[in-house]
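Me: I would like to learn how to read the helices, surface patches and charge pairs of a model, one feature at a time. Could you take me through them with the general idea placed beside each case?

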Amino acid sequence: MLYNFKSQAIVAKARAIYGRRLTEDDYKQLVMKTSVSEVCAYLKNTDRYSKILSSVNERTVHRGQVENLIRRNNFRIYEKLYVYDNKSNDDFYSYYLQKVQIKEILNAIMFINAGKDDDYITSFPAFLMAHSEIDLIKLAKANTFDELLGVIKNTRYYKVLKPFAKNGSTKVDFLACEKALYTDYYKNLLEVIQKSYGKKTAAELRQAILMKVDLYNIMAAFRMRVMFNIEPEKIISAMIPIKNKVSKKQMDELLELKTAKEMAEQMPALAYFKDIPQIHSGSIEASVRITRGKAFGHLLRKSASAPVIVYALLELLETETQNVTTIIEGVRYSITPDEIEQMIVTF
């Protein structure tokens, strides 16, 4: 009885946080700003960001500072909801920290490949140091892939990435590492869900996760085929090998296309995009984010399961963080308000 009460309280807390999200009108106002300082000043006056950015001087703020503060706040929300659910399944709830750690490992690999390790040292999220099983300072200082492997030696990620070591080479196949890490992550998460929850909760979580994998693969198809003209066989080898609503036949057909216009015309045939209006060559990525936002917004409003609600909320917070980042980048590089607005996802 007590746990049911706490579960209901978690659902209520999550929905209250969701209710303070940025609105469509907020985004319309934000895209009209002409500097990062103006964006920050506006955000400080919203219910959602007033406390998060209270210590920031908008006249001297820079993009990385705003992003790190928002990411830190998202992590604190995750911690509070997780700790409040004192009968929660640790194996499942650790998914968020695992995902954050994977992102940091991939960031480190990217900077190692680029030979810009100092940039990573100045940008990594210090707020994670007390929570991560990885020594993030050592990770930030790794100059080669072998050094990186040494840092993660006692984690599950080591076994996943060890096959990509190249005898002292400073560079490694980033896409292969990304695929391997996320394949391991999602397969493990699906197994944990199946073992840990009842039929309804497990089904809701499984559907949400499989949708994310499908959308990840669709984005890989678009970026690699249209932007870099990579052959279909190589693109398939880079995809996460977990299938759901996008069949092999549909993906093969998508990969035969060579332009954004052709791909946009084909996408409404896919299950996820039937209700997304006006998919055109300039909005494929936005259409993917809209699909994801709608699905998680629906879950958060309709589900009665605390784990499902928390999962959906954290995904939506990431979407909002991406929106703010997109606006800041757009304003910084003088992209027109209309163009920025096309990249924003409201939910």
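**Reading the helices, patches and salt bridges**

Reply: In α16, the buried residues (buried meaning under 20% relative accessible area, exposed over 50%, and partly exposed in between, with a 1.4 Å probe and protein chains only) are Ile284, Ala286, Ser287, Val288, Arg289, Thr291, Gly293, Phe296, Gly297, Leu299 and Leu300. This is a predicted model, in which local features need pLDDT of at least 70 and side-chain atom pairs count only at pLDDT 80 or more, while totals for chains, interfaces and linings use all residues. Residues are numbered from 1 along each chain as its sequence is written, and side-chain values use heavy atoms, with hydrogens and water left out.

Me: What span is expected for α16, and what does the model give?

Reply: Helices are DSSP runs of H or I with at least four residues, numbered from the N terminus, and the expected span is 1.5 Å times one less than the number of residues. Helix α16, residues 284-302, has 19 residues and reaches 27 Å from its first C-alpha to its last, close to the expected 27 Å. For α17, whose 27 residues should span 39 Å, the end C-alpha atoms are 39 Å apart, which agrees.

Me: How many residues of α17 are buried, and which residue with a positive phi follows this helix?

Reply: α17 is mostly covered, since 23 of its 27 residues are buried. The helix is followed by Ser334, whose phi is positive, near 60°.

Me: Which residues form the nonpolar patch on the surface?

Reply: Patches are made of residues with over 30% relative accessible area and no salt bridge, with like charges joined within 9 Å and nonpolar side chains (Val, Leu, Ile, Met, Phe, Trp, Tyr) within 5 Å. Here Tyr333, Ile335 and Met343 form such a nonpolar patch, with about 270 Å² of accessible area together, as given by the Shrake-Rupley method with a 1.4 Å probe, where only the protein chains shown count as cover for residues. Ile335 sits in the loop between α17 (306-332) and α18 (337-342), and is partly exposed at a relative accessible area of 33%.

Me: Where does the largest share of the positive patch come from?

Reply: Lys and Arg count as positive and Asp and Glu as negative, with His and the chain ends not counted; the place of a charge is NZ of Lys, CZ of Arg, CG of Asp or CD of Glu. Lys13, Arg20, Lys51, Arg72, Arg76 and Lys80 gather in the positive patch on the surface, and helix α4 (residues 63-84) supplies the largest share, three residues. Arg76 lies in α4 and, at 43% relative accessibility, counts as partly exposed.

Me: How should I read the salt bridges, and which parts does the pair of Glu315 and Lys212 tie together?

Reply: Side chains of opposite charge can pair when their charged atoms come close. A salt bridge is a side-chain nitrogen of Lys or Arg within 4 Å of a carboxyl oxygen of Asp or Glu, and by this rule the count comes to 13. Glu315 forms one with Lys212, the closest N and O atoms being 3.0 Å apart. Glu315 lies in helix α17 and Lys212 in helix α12 (residues 199-227), so the pair ties together parts that are 103 residues apart in sequence. Glu315 is buried at 3% relative accessibility, and Lys212 is buried at 13%. Through shared partners, salt bridges join Lys99, Lys212, Glu315 and Glu318 into one network.

Methods: Helix = DSSP H or I, 4+ residues; strand = E, 2+ residues; numbered from the N terminus.
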